[in-house]
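Visitor: I would be grateful for a close look at a single part of this model, namely the place where two of its chains meet. Please describe it in connected prose suitable for a first-year student.

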Amino acid sequence: MNTKVKDVATAALWPRNAWYVACTPDEIEGKPLGRMICGERMVFFRAEGGKVAAIEDFCPHRGAPLSLGFVRDGNLVCGYHGLVMGCSGHAIDMPGQKVKGFPPIKSFATIERYGFIWVWPGDQEQVDPEKLHHLHWAESEEWAYGGGLYHIKCDYRLMVDNLMDLTHETYVHASSIGQKEIDEAPVKTRAEPDEIITSRTMEKVMAPPFWQLALRGAGLPDDQLVDRWQICRFSLPSHVMIEVGVALEGQGGYEADDAMKAASIVVDFITPETETSHHYFWGMARRFGVDDPALTDTIREGQGKIFSEDLDMLEQQQNNLLLYPDRRLLKLNIDAGGVRSRMMIERAIAEENSSTQVTEAA
Amino acid sequence: MNTKVKDVATAALWPRNAWYVACTPDEIEGKPLGRMICGERMVFFRAEGGKVAAIEDFCPHRGAPLSLGFVRDGNLVCGYHGLVMGCSGHAIDMPGQKVKGFPPIKSFATIERYGFIWVWPGDQEQVDPEKLHHLHWAESEEWAYGGGLYHIKCDYRLMVDNLMDLTHETYVHASSIGQKEIDEAPVKTRAEPDEIITSRTMEKVMAPPFWQLALRGAGLPDDQLVDRWQICRFSLPSHVMIEVGVALEGQGGYEADDAMKAASIVVDFITPETETSHHYFWGMARRFGVDDPALTDTIREGQGKIFSEDLDMLEQQQNNLLLYPDRRLLKLNIDAGGVRSRMMIERAIAEENSSTQVTEAA
Amino acid sequence: MNTKVKDVATAALWPRNAWYVACTPDEIEGKPLGRMICGERMVFFRAEGGKVAAIEDFCPHRGAPLSLGFVRDGNLVCGYHGLVMGCSGHAIDMPGQKVKGFPPIKSFATIERYGFIWVWPGDQEQVDPEKLHHLHWAESEEWAYGGGLYHIKCDYRLMVDNLMDLTHETYVHASSIGQKEIDEAPVKTRAEPDEIITSRTMEKVMAPPFWQLALRGAGLPDDQLVDRWQICRFSLPSHVMIEVGVALEGQGGYEADDAMKAASIVVDFITPETETSHHYFWGMARRFGVDDPALTDTIREGQGKIFSEDLDMLEQQQNNLLLYPDRRLLKLNIDAGGVRSRMMIERAIAEENSSTQVTEAA
């Protein structure tokens, strides 16, 4: 059948049976939100009791986007002819119509946790809350968080590559977090069962401007030599958490006492939209100055500016790859993080496909 | 042959042997107008004696759009190299060239009547002025008319659906003509030989804002209960005339005496451009305040605002249908008007195709 | 192989083994320039010793456009991860990497001469500096030059047609250089071994506004009858040089003494970008008022305005041709210049293809 073929084809691009960040709670405040995720047009809204519902953004009546409608009593009312849809994708009501026999549309499991709304775009029979990525910093008072969202017109895997090789900081972010010592320091990459980890340390370097700001935020001097680290952790389906920080020289670096360092986690949730676009939820969780909301704003602004420097590069890289689809790229040792992350993605996709085929044959 | 295949394929989308509104006279005042109608690029201009000519917007010399040229002595001069084209599509003159042997381009029959310029895009052998839709209000002093034109990026049949089911007024036009009572009132749909008619009446309701304005324009109180009616009439190829109005309660509604009601006809000429776009000529013919041009302007402005509310919904509905081409839509009783109108369109197309095939076989 | 097939296919559109204008020196001042020429994405930069290098705008590491990078010590540093590329397309250096084994990217021969940077997009084995078009006016103190660049969304051959039939001046440029006498004057077209020449002379005419300006610039009266000439010269791959001028009546026209005329050369380098777009380097070389830079500016501004009038016509002509790909155009005697120029282009392409096939068979 047509739909199945499409599903299998789509499956080749990203794992489907996984939790992706769909949006943040403020995006569905008082109104539904339409967003395409993993090739599926979805609409998100607050259903009864405040639970977040996600159903197809396609009214079964005449195909209008349900996201143009409004929420009433926890149901979603189509803004064209008033069909009322419930959170499970079933028609609930329509003035003058008997709606029980209406074919349901798809619904998608959601979880609201850690300040995000997560969605499971794949097989709803296989939904598994245990698979949600655990974010310890999001539940601890010892951490503060701030972040944002960019829509980027490139394959989500190019963003994974970008984040799993921070060599680019020297070039793309020369004026903020880049420094010559980065690409001079060798990277170490290793695979854990659920994680790819690639890391770099730089000893006795001057902190670049962004980290000088962080040192000041942490109440530390910004004009002394520091030891700097970057530990990038990829996990399925497409999350990259990067432990970053600087410690005053000789205090143990990553292992230094909290009072001697400014440490944080760069948080990256990369949600595919189409084959050549994605939603990029970026942010920073930090362990210094956690009670200082002005610092949160300053960091968010600085980080937003830094990440916007990647946009043009990534979108033009995508254009180039579309122009030269047959050209093979190089895989250097600095690319090991991205290469192994992609292998992990491909294995997940392959596993989903083989189990799908079994289901279909049955 | 290539052209024939294309013609037959195109024929599947809309009736071709029919009169469509092409433009209004002001659009060709002093200059030619280029417009694609039913997939054909046409240029309209005033030929000798003021008659409107329509020929292909393609100069047979080098393919430049003739609409970039100018009119001289009732002929159309190409703005690139000066080839002079007559209203029948034949080359007339060109400095230093003998043009008699030039292959003609297509010409299209036109009629100027009722304040519109109509064109017959199909087989010019079958042109039949008798088939022109009769507009009694356009020839009567008892009526006044005002209207406008929108270019909409959706299949013209989605606009037919829209107008043949006014349930959407409650949702899309909530602040002007919508009211809760609309979708509570059942619709009646019936087919006449040349017309599909779907109607609704609402008794003892408050007039919504637009009709309050109309009541005041008609010299009637705007704060009393009224009886309201909507009678939508579809006719080929894609015209929808909607009798609408409100009468003071208990005066007979639609049948009430003129002094007791504000009655008008919503006029909709829906001219296909491409498979996913059309020209929408909208307006209102009214029987109240006919000597008040300021009222015409007020109504035009209000109606223009209301109809612009449909644009976003229709264009996003079109996008959704393109994304999910295989999905079947529901046909509820409120959709009967649209469904039957589409059946009438399909029958007309099928008749054209069968007669075309006979011609080709001969 | 894929690339070869593409190359041969591309070859059908334009000669590849020829010198095209790529850019002007100011465009690569202090930074690299990315530009697609004859379907190839190239990046231009100043290499060691000031020589202009042209290599593929595609970093062999991860496919980023090299034009987003920067020049250091005469090499091009990729702005993503710092791969250093030399002017021959070989990787030179990368922090922490051994780059000798990196596969090179293409490089293209360039020549900087006559105020332009020229590139040879085809077979680099066949690069021949002797094939560079000679521009005598660019090396002489008796001439002054000014010009500009337009990006035009049409097949470069439509621009060749445009320039090899100046009949269009009467229509497209009616207010500046057009005049009724142009299309009344017959054209003469002839083929030389390396040139197609089409010419027109008009005797005892009033100079149109642009030429009145030129007459004043040359210190001549602008209100007297003049003899006017236009001699269009096409040469491979796609250059059109047009000798134009006016002389006071009866002084010999084109042959008149310098003191009696305002004479110049309209300079047109037409560089294909894609099948439906090109870079248009236009300008005017003149023999009057050569020491007057303000006149250069005035003429550049006037010429820029005139040539911008062609843009809309050419781009809409291209759209029309794409809509009606099967329609054949007319070839009138005024089109002889364009038709013969296209034949010369086709012969050059055919010759390249036959020699390519031999090479491949070997």
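**The interface of chain C and chain A**

Guide: Between them, chain C and chain A bury about 2,600 Å², and 56% of this area lies on carbon and sulfur atoms. On the side of chain C, the residues that lose the most area to chain A are C:Phe58, C:Arg62 and C:Tyr80, which together account for 32% of what that side buries. It should be said at once that the model is predicted. In terms of residues, 28 from chain C and 29 from chain A take part in the contact.

One of the three residues just named, C:Arg62, also takes part in a charged pairing: its side chain meets that of A:Asp161 in a salt bridge, with 3.1 Å from N to O. This pair satisfies the rule for a salt bridge because a side-chain nitrogen of Arg must be within 4 Å of a carboxyl oxygen of Asp or Glu, and the distance here is 3.1 Å. In total, two salt bridges are found across the interface of chain C and chain A. Polar contacts are found there as well: 14 residue pairs, with both residues at pLDDT 80 or more, are in polar contact across this interface.

Which elements of chain C give two or more residues to the side that touches chain A? They are α1 (2-11) and β3 (40-46) of chain C. By residue class, that side of chain C consists of 14 nonpolar, eight polar and six charged residues.

Chain A, the partner, has an internal interface of its own. Its domain assignment gives domain 1 (20-131) and domain 2 (139-349), and the centres of these two domains, taken over C-alpha atoms, are 33 Å apart. Domain 1 of chain A contributes 13 residues to the contact between them, and domain 2 of chain A contributes 14. The two domains bury about 1,100 Å² between them, 72% of it on carbon and sulfur atoms. Of the area that domain 1 of chain A buries against domain 2, A:Tyr20, A:Val21 and A:Met36 supply 46%, more than any other three residues.

Across this interface between the domains of chain A, the rule finds zero salt bridges, while four residue pairs, both members at pLDDT 80 or more, are in polar contact. On the side of domain 1 of chain A, β1 (20-23), β2 (33-37) and β10 (116-120) each supply at least two residues. The largest share, four residues, comes from β1(A). The residues of that side divide into ten nonpolar, one polar and two charged.

Technical notes
Residues are numbered from 1 along each chain as its sequence is written. Chains are lettered from A and ligands numbered from 1 in the order in which they are written. This is a predicted model: local features need pLDDT of at least 70, side-chain atom pairs count only at pLDDT 80 or more; totals for chains, interfaces and linings use all residues. Side-chain values use heavy atoms; hydrogens and water are left out. Contact means heavy atoms within 4.5 Å. Buried area is the accessible area (1.4 Å probe) that two parts lose on being put together, summed over both. A polar contact is a pair of N or O atoms within 3.5 Å; within protein, one must be able to donate a hydrogen and the other to accept it, and residues adjacent in sequence count only if both atoms are side-chain atoms. Ala, Val, Leu, Ile, Met, Phe, Trp, Tyr, Cys and Pro count as nonpolar, Asp, Glu, Lys and Arg as charged, and the others, Gly among them, as polar. Domain bounds come from an automatic or database domain assignment.
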